[in-house]
Each structure stands twice: as C-alpha cells, then as structure tokens.
Amino acid sequence: MISFNQVFIKKGENTVLTDINLELADSQNFGIIGENGSGKSTLIDAMAGKIFPWKGKVSKPHYSKIELVPRDYGFHRLVGPAYQYYQQRYHAHDSEIGPTLYEVIQNQVMPVGTVDSKSVDLPEAKYDKAWVEEIADKMKISHLLERKVTSLSNGETRRSLIALSLLKKPKILLLDNPFIGLDQESKSALKALMDNMKVQLVLVANVDDMPDCIDKLIELKSGEIEGVLEKPFPSKERKDLKIEFDHELLEHFKTAKSEKTDSVIKIVNGKVVYGDKPVLQDINWEVKAGEKWALMGPNGSGKSTLLSLITGDNPQAYQNQLYLFGKRRGTGESIWDLKKRMGYLSPEMHIYFPKNMQVWKVIASGLFDTIGLFKKLSDVDKVALEKIMKLLDLESIENRLLSELSTGEQRLVLLARALVKNPELLLFDEACQNLDYNHMVFIRDLVNELVSKLNKTLIYVTHNVEELPAVIDKKILLENGRML
C-alpha cells in the first residue's frame, strides 16, 4: 500500500502539492483527475520516488516493484544516446538500420555507426524469450517485435512501452496520460488491455477516458485533494469561456495583403517512401491564402509526414512537386526563409523544448525558429515580444521557468512562440493534446478567435472533432498514406 502522510512538495519556490493525506489499498486501481496545474503528475512522480517531499512522508512497501511508464511515451531514454541518431524518422537509411523493438526490449541495441554486427559484443538478453513472448501476446505487440522502433505508430509505441514495464514484474504500474495522441480505435484497444492486466494500476487521465478497471478517483485541485470519488464517476465538467482581446494590439498581427500569395501550399502527386514502404502516395492538395483546414486521420495515416514536407524537415520534399508560397521547393529559397512565414506547434516540440528557460526567452526563440534563444534581440524584436505577451496575457509569468508552469500554461507559451513573428501560415499539430477538457476548450477557442480575426491560413491536425476550432471550413482525411 502507498500512503501519503501530510505531504508537501515544491518545484523551485512554488508549492505544488499541499498537505496530501492518502492511502492506496493494494486491492484497488486508482485514477487521478484534475485540471492542468493541479499536481497530478507531481503526485504520480512522488509515488514512483522520482520526487521527494520537503515535508511529510510517502510510504511505499513495494518500492522496488513500482514502475512508472515513461510519460513522453517515446523510446529515447531506453535506447540512450543513440536515439537522436536512430529517431531520424524522415531518412530512409536511418529507418532501415535502427533497432528493432525486440532489440530494445532485450537491451541489445547496436552502437551508432556499426558496420559489421559480428564485431560487436552485445550483452546477454535481458529477459527469457518465452517471458517476452508471453507479455508481447498479452499487449498485442507480438507482430511488432521485429519492427524498427522508429516505424511504430503512437498506439503501437504506447503498448510496447507498457509491455517493457510489465516485463519487470511490477506490483504497481503508474501511467501518466497514456491516451494522449491516440485515435479512438487505439484508445479503446489500450483501455481493453488495461482492464485485463494482473497488476495494480494508478492512472492519470481525463474522467471520460478511465478504463472500467479503475475503482476510485483521486481528485486534485490547486495541489490539494478535493476528494476521493467512488463509482459511478461524474463526467467531465464543461465551462463556457469567453475570449477577449485588445483590438488595438490585434491590428499589429493582421497579415498584410501585400505579403500574401494566392497559393500557400500546393502538392502534386505527392509521395514519401522509406525503403519499399510507401508512407504517403498520390497526395494532390492545394491550400490557398486565408483557408482554414483540418488535417485528420488515424494513427499512422501519414499526417505528421505530410506536415514534415511542408515544414521542410523531410528531405523527400525535394523529390516532390511541392510549392510553398507560390515557389517550387528546391528553386533557391532557403528553408529558413520559408520557416519565417510559418508558425508551428506540436506535442513533440512541447516534450523536447528545454524546460529550464525563462518564458520570455522561449517565446522570443520563435523569432529565429530555434529551440532556445541564441541571439540578442533588436528593438523591433523586443516590440514583437512585448506585443504577443500582452495579447495573450503572459506578462505576469515572463520571468518564470517553463518547468514551473502547468501543462496548459506551457502550451500557451509555445502558442505565443508560434505567433510572435506574425507568420502567414499556422501549422498546429495536436495543439490541445494532453490538456484537460477546460484547457482544451480555452486553447481551441483562443486559436479560433485569433485565426478568424487575423485571417491567417491554418492547418490544424487532430484526431478529435471536438478539438477543431469553429473557423475550420475545409478538411482533408488521410488513411494509410492516401487522401480519402
């Protein structure tokens, strides 16, 4: 049994959890709910022994048998330093030589740059093969064991990482928002697997995503326990939010007509192929200035790959008949010239952006399309920074570190980063992922008001129709790399 006795936990100078008194009985599964910033992730980190109280005591009799599944649901910590090399998803050669899921599970990943595999002495397999096969079968990943980890979809990666934790035979399995980024089919499949796990679960998720096996809900509010709820659980609370802006400031961010081209994006018979596997094929799509598009499709349908062509992060862009802002890619323009005209936001950027940076520096880095601020701001830059912080009401937190903010506040800061250079084209990939319902509504409606009032061109990626801003009037649906 995990128990908390008058526990207080700080992050920096801010108290995140206050006077937590809680007992988690061994025979029950628990869910943790609350708004962004309520302390959910901090509570689960304390259970895992990743963070310690400055006051009070956390007791964990099965300390060595508590397993926290990586909350970013990626393989980079498991593969180690080689991951930045292996995870180059857009390079065919890298995707061919990366480690298989089985190699990662068994801790038998080849060092970077290995030419002759026979010259490398790998450690003994970490687990008995029969045990791996048993867990793989339970988690429905047997068919993935020989696949490269870089080729797995979000849902496949999620199940694989949970399998990695189950191989360690934990008494308690901790999961922090395991459903983020999953389409409805993948989410339902993962919930069904959880219902049949022979391990105690403690799970952070939205109320409506809780699997049937959850017995009680721990509700947090502003770092305190609001209550412990019994079944039947309440549905998520919905709030009507009114977004208001300083109209004088908005004028600064309106895209001047002289800067616009009629055609912002045009792809003719677009395709992306890794080895002999087509990821995108027969893509014919044009986005005109001022249009608002939703890009939708299940996990693995090719949405992120299509965005990578547009942002210039995919080398195969040069092999395609691709036009950006009226000019064909590869005719002399630099990728930095193109990025100046785009504002980009994604969950991956949120996960990997350095958290030890002040808010104003995070936002200012968007002026230069860098992950970090490495240039001195000009007077013009300072004016742009001040305007976007004032517009989004971020001035009161401008000197705080990103790590000290809630998930919702961090997402708002990264939204400001995408807008600070006043780009013509906005590319928002799952902008509301990992936000509680009310923060999702706030970000969705904020994007809706900004895009409609400023008449920006928008491409908005999501699995969830409920997350689409009302301004969206066109949709493209991908499935298996093709447009439907």
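## Ser346, between a strand and a helix

Helices and strands here are DSSP runs, with helices of at least four residues and strands of at least two, numbered from the N terminus. With that in hand, Ser346 is found in the loop that links strand S15 (342–345) to helix H12 (347–352). This is a predicted model, so every distance below is a computed one.

Ser346 has a relative accessible area of 3%, and because buried means under 20%, Ser346 counts as buried. Its side chain isn't idle on the contact list either: the side chain of Ser346 reaches the backbone nitrogen of Met349 at 3.1 Å.

## Glu424 and its arginine partner

Another loop residue to look at is Glu424, which sits between helix H15 (407–419) and strand S16 (425–429). Glu424 comes out at 11% relative accessibility, so it goes down as buried. As for company, the side chains of Glu424 and Arg341 are joined by a polar contact of 2.7 Å.

## Helix H6, end to end

Now for helix H6, which covers residues 129–138. At its N-terminal end, Asp128 acts as the cap, with a side-chain oxygen 3.1 Å from the backbone nitrogen of Ala130.

Which residues of H6 are buried? They are Val132, Ile135 and Ala136. Look down the axis of H6 and these buried residues fall within an arc of 105 degrees, so they line one face of the helix. After H6 comes Lys140, with a positive phi near 60 degrees.

Terms used:
Residues numbered from 1 in each chain as written. Predicted model: local features only at pLDDT ≥ 70, side-chain atom pairs only at ≥ 80, totals over all residues. Heavy atoms only, no water. Buried < 20%, exposed > 50% of the residue type's maximum accessible area, 1.4 Å probe, protein only. Polar contact = N/O pair within 3.5 Å; in protein donor to acceptor, adjacent residues only side chain to side chain. Arc of directions from axis to C-beta.
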